[in-house]
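Welcome! Please take a moment to look over the sequence and the 3D view below before reading on.

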Amino acid sequence: MAFQKLEEKIKLTKNVTVSTRCFFDKGSFQNCKFPFTHFYVCWNGFVPPCCAKPFPKEKNFGNVFESSVMQILNGESFQQWRKLWYKNITPDFCNNCHMVMS
């Protein structure tokens, strides 16, 4: 429903260009919105890719006790993660995730 509203707004907006919004492909990493809309901080300060798999030993982008949140979100590791989204390359970490498989 929210994506339908977004599509309607995009059609009405003349001065904004929105690209690479493939939220409806089943089995697609692009079906997951979390690389752009959410971040999760574990109790010990690590920032894993999402709250669905809060396993920082498996994958994390940094620690808020060592770097600022903005440094982590704009860091090279997180940027590379978002680039995978644009290329629609599902990271191994996300295999079998309900967001990707839905």
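Here is a short tour, starting with the overall build and moving on to individual residues.

The model you see is a predicted one. Its protein chain has 102 residues, with five helices and zero strands. A search of the whole structure turns up zero disulfides, and there is one salt bridge.

**Overall build**

- Reading from the N terminus, the elements follow the order α-α-α-α-α.
- Among these helices, α1 covers residues 2-12, α3 covers 69-73, and α5 covers 98-101.
- Of the 102 residues in the protein chain, 31% count as buried.
- The accessible surface of the protein chain is about 7100 Å², and carbon and sulfur atoms hold 57% of that area.
- Among contacts in the protein chain with a separation of 6 or more, 42% are between residues 24 or more positions apart.

**Cysteines without a bond**

- Why are there zero disulfides in the structure? A disulfide needs two cysteine sulfur atoms within 2.5 Å, and the distances below show how two of the cysteines fare.
- For cysteine 94, the closest cysteine sulfur belongs to cysteine 97, and the 6.1 Å between the two sulfurs is too far for a bond.
- For cysteine 97, the closest cysteine sulfur is in cysteine 50, at 5.7 Å, so this pair is also too far apart for a bond.
- Cysteine 94 is buried, with a relative accessible area of 10%, and cysteine 97 also counts as buried, at 16%.

**Serine 28 and asparagine 88**

- Serine 28 sits in the loop between α1 and α2, whereas asparagine 88 belongs to the loop between α4 (76-87) and α5.
- The two are 60 residues apart in sequence, yet their C-alpha atoms are 6.6 Å apart in space.
- What joins the side chains of serine 28 and asparagine 88? They share a polar contact of 2.8 Å.
- Setting aside neighbours within four places in sequence, serine 28 is in contact with Asn88, Thr90 and Val100.
- Serine 28 is buried or exposed, which one? With a relative accessibility of 3%, serine 28 counts as buried, because the buried class takes in values under 20%.
- Asparagine 88 is partly exposed, at 33% relative accessibility.

**Asparagines with a positive phi**

- Asparagine 88 has a positive phi of about 60 degrees, although it is not a glycine.
- Asparagine 96 is not a glycine either, and its phi is positive too, at about 70 degrees.
- Asparagine 96 is placed in the loop between α4 and α5, and it is exposed, with a relative accessible area of 71%.

**Asparagine 31**

- You can find asparagine 31 in the loop between α1 and α2.
- Which backbone atom does the side chain of asparagine 31 reach? It reaches the backbone oxygen of methionine 99, at 2.8 Å.
- Asparagine 31 counts as buried, with 14% relative accessibility.

**Glutamine 71**

- Glutamine 71 is part of helix α3 and counts as exposed, at 53% relative accessibility.
- A polar atom of the glutamine 71 side chain lies 2.9 Å from the backbone nitrogen of serine 68.
- Glutamine 71 and phenylalanine 61 are ten residues apart in sequence, and 9.9 Å separates their C-alpha atoms.

**The salt bridge**

- Which residues meet in the salt bridge? The side chains of glutamate 58 and lysine 53 do, with an N to O distance of 3.4 Å.
- That distance qualifies because a salt bridge calls for a nitrogen and a carboxyl oxygen within 4 Å.
- Glutamate 58 is partly exposed, at 49% relative accessibility, and lysine 53 is partly exposed as well, at 21%.

**A nonpolar surface patch**

- Phe39, Val41 and Val69 make a nonpolar patch of about 210 Å² on the surface.
- Phenylalanine 39 lies in the loop between α2 (34-37) and α3.
- At 42% relative accessibility, phenylalanine 39 counts as partly exposed, and this fits the patch because its members need over 30% relative accessible area.

Note on methods. Residues are numbered from 1 along each chain as its sequence is written. This is a predicted model: local features need pLDDT of at least 70, side-chain atom pairs count only at pLDDT 80 or more; totals for chains, interfaces and linings use all residues. Side-chain values use heavy atoms; hydrogens and water are left out. Buried means under 20% relative accessible area, exposed over 50%, partly exposed in between (1.4 Å probe, protein chains only). Patches are made of residues with over 30% relative accessible area and no salt bridge: like charges are joined within 9 Å, nonpolar side chains (Val, Leu, Ile, Met, Phe, Trp, Tyr) within 5 Å. Accessible areas come from the Shrake-Rupley method with a 1.4 Å probe; for residues, only the protein chains shown count as cover. Helices (H or I, at least four residues) and strands (E, at least two) are DSSP runs, numbered from the N terminus. A polar contact is a pair of N or O atoms within 3.5 Å; within protein, one must be able to donate a hydrogen and the other to accept it, and residues adjacent in sequence count only if both atoms are side-chain atoms. Contact means heavy atoms within 4.5 Å.
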